[in-house]
Amino acid sequence: MRFAPEGTDGDRLRSAFALTDAERNTLTPDSLRRLRQVQVDQVYARLSTGPIPDGPFRGDLFFPRGAPRHAPLGDLSPALPAQFAALAAMPVEQLGRAFWKGKAFFKAEGILRNRIEDLAILKPLIKDSSSIPRLTFDGQTTWLLFPAQVSCGNSLLEPARRAIVIDYSKGPQIAGYREIPDRLGGSEGLDIRDEVRAVKPGLYLGRAYFHNQFRLNFTLVKPDANAAPADVLGDCAPS
């Protein structure tokens, strides 16, 4: 994988260091996790949005090297609602890896829901878990929680270029929204805004922002993807 000198602007990255098919094929969730953040940023800056995802995806997250991954969740959002006190005390990385298993996109509706492990830590917060939709995918049955609006919009990394934007502040407008625990992802909680771009068929690279501050990277994998390679080179249509 080629990388440009640090500080190289995006236009030169995309012209002089455009990703080849061979380079894209070397990228996996594991290989991306091993990169320094400046290298992850360079990969992301060279990607196009590709098609808006559809269906369920396997997820994994990774923090920039040196980031306070063992800091409690409450440090990222000190004003979390009182109902989430138990979650606020948990280390961010531990919490993310413990219960986030990926995302399920509903492209026709312009929304997604997150695939959440059915863990004891969430059950005390939820009065009636029987009404929560469940999805069996990739050998796991998970809750579908934390809805968000999905659209084609401006990237926070480079506002002049597009990304597939995942906006949790719109969660209350989505059918099936549950104030507890879904508000954790919205503007009264962590105020999460994700964005993703396509690496290759079946693999997306994402960036998660809390209160408009970049916090972590994530990958989305669809093991049975059969899209044509050219799909990842296109841009999503703006809404």
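Okay, one definition before we start: a residue is buried when its relative accessible area is under 20%, exposed when over 50%, and partly exposed in between, using a 1.4 Å probe and protein chains only. Strands here are DSSP runs of E with at least two residues, helices are runs of H or I with at least four, and both are numbered from the N terminus.

What you have up there is a predicted model, where local features need pLDDT of at least 70 and side-chain atom pairs count only at pLDDT 80 or more, while totals for chains, interfaces and linings use all residues. Residues are numbered from 1 along each chain as its sequence is written, and side-chain values use heavy atoms, with hydrogens and water left out.

Let's start with strand β8, residues 203–210. How many of its residues are buried? Eight of eight. That covers both faces: Leu203, Leu205, Arg207 and Tyr209 are buried on one side, and Tyr204, Gly206, Ala208 and Phe210 on the other.

Now its neighbours. Two strands count as paired if DSSP finds at least two bridges between them. β8 pairs with β7, residues 192–200, in the antiparallel sense over eight bridges. They make a hairpin with two residues between them, and Gly202 in that turn has a positive phi of about 90°. Over on the other partner, β8 and β9 also run antiparallel, joined by eight bridges. That's another hairpin with two residues in between, and here His211 in the turn has a positive phi of about 50°. Leu203 has Val221 in β9 as its bridge partner.

Arg207 deserves a stop. Glu195 stands opposite Arg207. And which rings does its charged end sit over? We say a charge sits over a ring if NZ of Lys or CZ of Arg is within 6 Å of the ring centre and within 35 degrees of the ring normal. For Arg207 the rings are Tyr44, with the centre 5.7 Å away, and Phe214, at 4.1 Å.

On to the aromatics. Rings of Phe, Tyr and Trp (its six-membered ring) pair if their centres lie within 6.5 Å; planes under 30 degrees apart are stacked, over 60 edge-to-face, and the rest tilted. By this rule there are four aromatic pairs. Take Phe57 and Phe105: the centres are 5.6 Å apart and the planes sit at 80°, so we call it edge-to-face. Phe57 is in β1 (residues 55–62) and Phe105 in β2 (residues 100–106), 48 residues apart. Phe57 is buried at 3%, and Phe105 is buried at 3% too. Together with Tyr204 from β8, these two form one aromatic cluster.

Another pair is Trp100 and Phe218, with centres 5.9 Å apart and planes at 80°, so that one is edge-to-face as well. This links β2 to β9 (residues 213–221), 118 residues apart. Trp100 is buried at 13%, and Phe218 at 3%.

Last stop, the cavity. On a 1 Å grid over the protein atoms alone, a cavity is a set of points where a 1.4 Å probe fits but cannot get out, and lining residues have an atom within 4 Å of a point. The whole structure has one cavity of 30 Å³ or more, and it holds about 420 Å³. Of its 23 lining residues, the closest to the centre are Phe99, Trp100, Leu190, Ile192 and Phe210. Helix α6 (92–99) gives the largest share of the lining, five residues.

Terms used:
1 Å grid on protein atoms, 1.4 Å probe; cavity = no way out; pocket = protein on both sides within 12 Å on 5 of 7 lines; lining within 4 Å. Points joined across faces, edges and corners; volume = space filled by probe spheres on them.
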